[in-house]
2 protein chains.
Amino acid sequence: MSATKKTTIGLHVLARLKEVGIDTVFGVPGDYNLKFLDLLDDDKDLTWGNNANELNASYAADGYARVKGAGALLTTFGVGELSATNGIAGSYAEMIPVIHLVGTPSTTSIAQGAVLHHSLGNGDFSVFVNMFSQITAASAHLTPNNAARQIDFVISESLRRRRPGYIGIPSDIVNTEITVDAGKLDYSIPRNPQDTQEAALKDIIRAIQQAKNPIILADACVLRNNMKKELAELVKVSGFPVYVAPMSIDVVDHGLPSYRGCYSGSSSLDQVKKEVLSADLILELGSEQTDVNTGGFTYGLDTSKIIEFHTFATKVFYSTYEKVSMQELLPLVIKHFPSSAKIDPASIERSLGPRARRADTPPGEVIVQDYFWNKMTEYFPERSIIVTETGTANLGAFNVDLPKDCIFISQLLWGSIGYTVPATLGAAVADRSRRTFLVVGDGSFQLTVQEISSMLHHGVCPIILLFNNDGYLIEKLIHGRDRKYNDIQMWEYAESFKYFGKDIKVNHQRATHPFQVGVHAKLESRKDFEKAMDQAMAQPDHIHFLELILPPFDAPQEALKQIASYDG
Amino acid sequence: MSATKKTTIGLHVLARLKEVGIDTVFGVPGDYNLKFLDLLDDDKDLTWGNNANELNASYAADGYARVKGAGALLTTFGVGELSATNGIAGSYAEMIPVIHLVGTPSTTSIAQGAVLHHSLGNGDFSVFVNMFSQITAASAHLTPNNAARQIDFVISESLRRRRPGYIGIPSDIVNTEITVDAGKLDYSIPRNPQDTQEAALKDIIRAIQQAKNPIILADACVLRNNMKKELAELVKVSGFPVYVAPMSIDVVDHGLPSYRGCYSGSSSLDQVKKEVLSADLILELGSEQTDVNTGGFTYGLDTSKIIEFHTFATKVFYSTYEKVSMQELLPLVIKHFPSSAKIDPASIERSLGPRARRADTPPGEVIVQDYFWNKMTEYFPERSIIVTETGTANLGAFNVDLPKDCIFISQLLWGSIGYTVPATLGAAVADRSRRTFLVVGDGSFQLTVQEISSMLHHGVCPIILLFNNDGYLIEKLIHGRDRKYNDIQMWEYAESFKYFGKDIKVNHQRATHPFQVGVHAKLESRKDFEKAMDQAMAQPDHIHFLELILPPFDAPQEALKQIASYDG
């Protein structure tokens, strides 16, 4: 029997959050969560997110989790929690562990079925937790009896399965004393079945030994399983040419001689496509074959050449090895890698030619997205966090060259427009030592604009790059090019700091520098853009807003290819 | 068998919406709803809402429905629809029929379980409709086979039960031909059981004949059942003193000699409470006994004196008459009203004294909420729409005197902060011939601020009155008066039109006048406020924004009473 200790329900929740690395809880106050907020406010190791609404808070927690490994938000019953459903479902789809804490009515009111505000008025207090049970790995509505067990269960399941978790905390039991497990939370995954794993490993090693043109294709689940290090080791030990997917462009160091680009089916650069299709063995790591990630299901790869490493299974050509997870298997492949199969990375360029890159942009004055991405690679420093919004803004980033140790954040599967403004706040709060860049279209920006206010409140210093192309461009390219419904109201975007920041109340107990507003300007030419970027890059302790005026239908090459394969 | 006709799925949905009085569909475009939007765009009798996000669209549809009788919004699969859950649940709680149309992936993709963007990536396309089934009266995901039946079923159930409905429309069947019922939609409620009704009626008439101090207490479900006219008739035929509840302050003409004020338990004005408690018979119509509507469950009325008229039952003292709805019963009570029991309205003031009113405000310079509400009664014209936000902003309105035929909109049960900014848009679009007033606190305003942009887009002309008291005042009064978590970022509220309206693209095909921006100012004194209001009232074809600077802890008397009874 493990050791136990006495604590309270609220304090145990906070202790477990801190244990998994969380130091900021996003959310909005509401009258059923104020007592829990007292505990958070009193805890010197925790910061309150102070978001403008709950959807934004859920996006911020997701962005934060992509940098720190886990995130959390706190909402109030009904009116608060339901506003976060889209964000939580997004974290579910994209496999991001976000703990959603909800302050609920007192156990007495629940027992009475009282007709309380923020309820449906029918005495049923289980409707919302039931809704969330469909988009979380685990969910619980606490009672004094189940709290110790359920808090640990929901948080560990969320971390283990990398999906959101939901914990409802009745307002009257926040300070109720409970006895909890004094040990660390265990969220390890089960061991692989050893015989099955051994058989898979043998097949894999044999395939590697027989391959003539082997490659590695590393995708999102390498990131989700926190296996960048193991991938780097495999790349090193094998010397195989390595490709990434749109969902994982940051999974490998682009400076390596074996790095060859981003594969996304027919949306790929021509040369990348040619190279991948001519491989005779593909070590496909953590593949997420969604429409956007595969150029609209145009992978065109031959199963007889693919070894798939997944989170819950491994597939060698046509044979599936159930429950053999890449987390345990990949280190074994590295350990047993046949030295005879190793490729000299220096030879790759000789045999395949120089790595494919985005085409140069024709000279000109006007800012266009192809120019933008080519130019930005000159600005991104090592360790950048780059957040790109759904639409043309993230499609253009597929083939961008990143410096070392960047974190690239985008919702390629869930694709909820508006996600990135709060996600940028979350990511920037999660690691203030990195420079953060947000690339967002005007249409998306409008959905969640309030978090500019929260950025000022927290004193974070992203460079916000807004594409002003006067409407929902990605929709116009898909359908309804000249339809009114794809138009939006024109805002004074470049005045955002002024509107949202009257008296900047910076809450940057964690900030390392005095906070100021830097560049905030509307930019119509490349010359002005570059001047503004030079200034913004020179002021890492300022927040910047660059509104770029683009031609209304300008789109990057990647977007045009993607849309050609779109089946809407 | 009824006559049928051929049409398409999309056109049938639009025809049914128009049939129930809807001329504007709120929402946000997304790639699974664009083909449906084409139909809407091509229909000269329908306007597209063009909201900035889906939560806002759902609130706008709710506000619209409170004026027009029914509302609609259109979102896209997953990322769009889930953002609207809070708004839809609010419409469910508050009994507002809002039809939620969702553009979903093609039937082919659904059949294949394709890993599409905006899905959870697990091939399950039923998760979201399942979630919505818990907060709607009826929900359906259309197929060519079920469409004709399900469209009619969801819309009629929604109207009949006055709850939201959900219709998912796969993108590839929008233009599929179907055969539909050519008749009008039937959403009448079932007849009451006649014997039971007769017994109830007999008991009621007898009780009325025996009463010495009978009163009428009219609540929210009179409005929800669209029975203002019947109530007016009952008031006229009986002459009984009539009281309203906070959820229904607009249910009766305040100018009638028999109107006596708003009853909300211990939150009531003292004299109103005394009068109601001294009645020996209470005809309680459409009562919604929620915490906020009853002064925190402090009604203190004696069941042996109450006849409850409900939507699905009638209760005479301790006896319940199941399935006897007020909709059929109330006209019978009016018809059979015993003339001997009639009270002369002119006698009421003689016996009870002058009607209770809010206390006069002490003179002063500073704007305080008690002053505000007393003053506003001088400004509200007949037929005003008055929208008040959850918090101190709606609590202060309980005892306000309204002129004839006003519509009062507030979420007293659901209480989702941020609701009113989009709801004001919806209400103003629903009836451009009425003057619309929004009273909203700064904390709430921040959640849904984007709809200021939509107001400019639609060219509607509300007078927006923002209480700037630097934080979530209602929360501070409940708990955590000086806690940081109840603070918010200070914005330049009075500059909203400038920020959100750069190039005003007015889409007011229904507007009756040229649209302009009127007053937009920050006001710190009563003198300045009155000057600004005078100007705003003189410009009904302009939109106005009055930011009122209030002392941080100023609250109206009603709020202080309400909070005293609050059990958080």
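**Exercise 1. A loop residue and its contacts**

Which residues does A:Thr390 touch, not counting residues up to four places away in sequence? Work out where A:Thr390 sits and whether it is buried or exposed.

*Solution.* Keep in mind that you're looking at a predicted model.

Step 1: find the spot. A:Thr390 is in the loop of chain A that runs between β16 (385-388) and α15 (392-395).

Step 2: check the cover. The relative accessible area of A:Thr390 is 19%. Buried means under 20%, so A:Thr390 is buried.

Step 3: list the partners. Leaving out residues up to four places away in sequence, A:Thr390 touches A:Gln411, A:Gly415, A:Ser416, A:Ile417 and A:Ser444.

**Exercise 2. Two residues in one helix**

Take A:Ser444 and A:Leu447, and find out which residues each one touches.

*Solution.*

Step 1: locate them. A:Leu447 lies in helix α17 of chain A, residues 442-447, and A:Ser444 is found in helix α17 too.

Step 2: look at the cover. A:Ser444 has 7% relative accessibility and counts as buried. For A:Leu447 the relative accessible area is 4%, which is buried as well.

Step 3: go through the contacts, skipping neighbours within four places in sequence. A:Ser444 is in contact with A:Glu389, A:Thr390, A:Ile417 and A:Gly418. There's our loop residue from Exercise 1 again! A:Leu447 touches A:Ile417 and A:Gly418, and its list also includes B:Ala52, B:Asn53, B:Glu54 and B:Gln450 from chain B.

Step 4: compare sequence with space. A:Leu447 and A:Gly418 are 29 residues apart in sequence, but their C-alpha atoms are 5.1 Å apart in space.

**Exercise 3. An arginine in a loop**

Describe the surroundings of A:Arg355, starting with its place in the chain.

*Solution.*

Step 1: A:Arg355 is in the loop between α13 (345-352) and α14 (369-379) of chain A.

Step 2: its relative accessible area is 14%, so A:Arg355 is buried.

Step 3: apart from residues up to four places away, A:Arg355 touches A:His254, A:Tyr259, A:Arg260, A:Gly261, A:Gln271 and A:Asp401.

Step 4: now try a distance. A:Arg355 and A:Ser258 are 97 residues apart along the chain, and 9.2 Å separates their C-alpha atoms.

**Exercise 4. Positive phi angles**

What are the phi values of A:Asp470 and B:Phe317, and where do these residues sit?

*Solution.*

Step 1: read the angles. A:Asp470 has a positive phi of about 60°, although it isn't a glycine. B:Phe317 isn't a glycine either, and its phi is positive too, near 55°.

Step 2: find the places. A:Asp470 lies in the chain A loop between β19 (463-468) and α19 (473-478). B:Phe317 lies in a loop of chain B, between β14 (313-316) and β15 (319-322).

Step 3: check the cover. A:Asp470 has 27% relative accessibility and counts as partly exposed. At 24%, B:Phe317 counts as partly exposed too.

**Exercise 5. A leucine in chain B**

Which residues does B:Leu37 touch, not counting residues up to four places away in sequence?

*Solution.*

Step 1: B:Leu37 is in helix α2 of chain B, residues 34-42.

Step 2: with a relative accessible area of 0%, B:Leu37 is buried.

Step 3: beyond residues up to four places away, B:Leu37 touches B:Pro29, B:Trp48 and B:Leu74, plus A:Tyr485 from chain A.

Step 4: for a distance, try B:Asn225. It is 188 residues from B:Leu37 along the chain, and the two C-alpha atoms are separated by 32 Å.

**Exercise 6. Zooming out to chain A**

Why can we call chain A as compact as a globular protein of its length?

*Solution.*

Step 1: count the elements. Chain A has 22 helices and 21 strands.

Step 2: compare two numbers. The radius of gyration of chain A is 24 Å, close to the 24 Å that the globule rule gives for 568 residues, so chain A is as compact as a globular protein of that length.

Step 3: add the burial. Of the 568 residues in chain A, 66% are buried.

Step 4: look at the contacts. Among contacts in chain A with a separation of 6 or more, 77% involve residues 24 or more positions apart.

Step 5: check the confidence. The mean pLDDT of chain A is 95, with 97% of its residues at 70 or more. The model as such scores ipTM 0.96 and pTM 0.97.

Notes:
Residues are numbered from 1 along each chain as its sequence is written. Chains are lettered from A and ligands numbered from 1 in the order in which they are written. This is a predicted model: local features need pLDDT of at least 70, side-chain atom pairs count only at pLDDT 80 or more; totals for chains, interfaces and linings use all residues. Side-chain values use heavy atoms; hydrogens and water are left out. Helices (H or I, at least four residues) and strands (E, at least two) are DSSP runs, numbered from the N terminus. The radius of gyration is taken over C-alpha atoms; the globule rule is 2.2 Å times the number of residues to the power 0.38. Buried means under 20% relative accessible area, exposed over 50%, partly exposed in between (1.4 Å probe, protein chains only). Contact means heavy atoms within 4.5 Å. pLDDT is the predictor's confidence in each residue, from 0 to 100.
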